[in-house]
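Before reading on, please take a moment with the sequence and the model shown here. The questions afterwards are meant for someone meeting this structure without any background.

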Amino acid sequence: MNYTEFIQSVAAKPLAAPAQAEPITRATLVTLAERITGGQARDLATQLPEELRSCVDKPDEHLEPFGLTEFLERVQNRAAVDRQEATDGARAVLDTLREKISAKEYGDVVDQLPQEFWQLTGPSVNRFETRRVGT
């Protein structure tokens, strides 16, 4: 997968603001890396385009235990967008990750997030619960 393809995929998602695809992608990945362990961030980086790997660069193993509200606030502030654009954009980035990286890797990332994140991610491939659409 290349960088342009990844960004175009984010921009093509329903409700995503195409002009904001690049800053939203970077903001979402940086924030996601804060919420997962260093090892998982490094694993994720191996499946991202070279230009996005630095977004998930994490020198330590610790994750920050914040919830969905804080996640979206951080994306909003980093991308300089409003709350709805942050929510729609983060969902578009996570949907693109689900499509572009391996199912195992995506499941490993989602497994480190609280259930409330399923509003954006859907459950891990190893879980039987369904994604709540529109919440």
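The questions and answers below concern a predicted model, and they go from helix pairs to single residues.

Q: At what angle do the axes of helix H3 and helix H7 cross, and is the pair roughly parallel or roughly antiparallel?
A: The axes of helix H3, residues 38-45, and helix H7, residues 103-111, come within 10 Å and cross at roughly 150°. Because angles over 145 degrees count as roughly antiparallel, H3 and H7 are roughly antiparallel.

Q: Which residues make the contact between H3 and H7, and how many of them are charged?
A: The crossing of these two helices, H3 and H7, is left-handed. On the side of H3 the contact is made by Gln40, Asp43 and Leu44, and on the side of H7 by Glu105, Asp108 and Val109. Sorted by class, the contact of H3 with H7 has 2 nonpolar residues and 1 polar residue, and the number of charged residues is 3.

Q: Against which helices do the buried residues of H7 pack?
A: The buried residues of H7 are Glu105, Tyr106, Gly107, Val109 and Val110. Two of these, Glu105 and Val109, also belong to the contact with H3. The helices that the buried residues of H7 pack against are H2 (21-35), H3, H6 (83-100) and H8 (118-121).

Q: Is helix H2 oblique or roughly antiparallel to helix H5?
A: The axes of H2 and H5, the latter made of residues 68-79, are 8 Å apart, and the two helices pack at an angle of about 140°. Angles over 145 degrees would count as roughly antiparallel and those from 65 to 115 as roughly perpendicular, so an angle outside all the named ranges is left to the remaining class. The arrangement of H2 relative to H5 is therefore oblique.

Q: Which class, nonpolar, polar or charged, has 8 residues in the contact of H2 with H5?
A: H2 passes H5 in a right-handed crossing, where Pro23, Ile24, Ala27, Thr28, Val30, Thr31, Leu32 and Glu34 in H2 meet Phe71, Arg74, Val75, Arg78 and Ala79 in H5. By class, this contact of H2 with H5 has 2 polar and 3 charged residues, while the class with 8 residues is nonpolar.

Q: With which residue does the side chain of Ser9 make a polar contact?
A: Ser9 is found in helix H1, residues 3-11, and with a relative accessible area of 12% it is buried. Leaving aside neighbours within four places in sequence, Ser9 is in contact with Thr96, Glu99 and Lys100. A polar contact of 3.5 Å joins the side chain of Ser9 to that of Glu99.

Q: Is Thr96 buried or exposed, and what is its relative accessible area?
A: Thr96 has its place in helix H6, and, not counting residues up to four places away in sequence, it touches Phe6, Ser9, Val10 and Lys13. Because buried means under 20% relative accessible area, Thr96 is buried, with a value of 0%.

Q: What is the phi of Leu15, and what is the phi of Ala80?
A: Most residues other than glycine have a negative phi. Leu15 lies in the loop between H1 and H2 and is exposed, with a relative accessible area of 66%, while Ala80 lies in the loop between H5 and H6 and is exposed, with a relative accessible area of 68%. Phi is positive in both residues, at about 75° for Leu15 and near 55° for Ala80.

Definitions and conventions:
Residues are numbered from 1 along each chain as its sequence is written. This is a predicted model: local features need pLDDT of at least 70, side-chain atom pairs count only at pLDDT 80 or more; totals for chains, interfaces and linings use all residues. Side-chain values use heavy atoms; hydrogens and water are left out. Axes are lines fitted to C-alpha atoms, for helices over the stretch in contact, and angles run from 0 to 180 degrees between N-to-C directions. Helices (H or I, at least four residues) and strands (E, at least two) are DSSP runs, numbered from the N terminus. Angles under 35 degrees count as roughly parallel, over 145 as roughly antiparallel, 65 to 115 as roughly perpendicular and the rest as oblique. A crossing is left-handed if the near helix is turned anticlockwise from the far one by less than a right angle, and right-handed if clockwise. Contact means heavy atoms within 4.5 Å. Ala, Val, Leu, Ile, Met, Phe, Trp, Tyr, Cys and Pro count as nonpolar, Asp, Glu, Lys and Arg as charged, and the others, Gly among them, as polar. Buried means under 20% relative accessible area, exposed over 50%, partly exposed in between (1.4 Å probe, protein chains only). A polar contact is a pair of N or O atoms within 3.5 Å; within protein, one must be able to donate a hydrogen and the other to accept it, and residues adjacent in sequence count only if both atoms are side-chain atoms.
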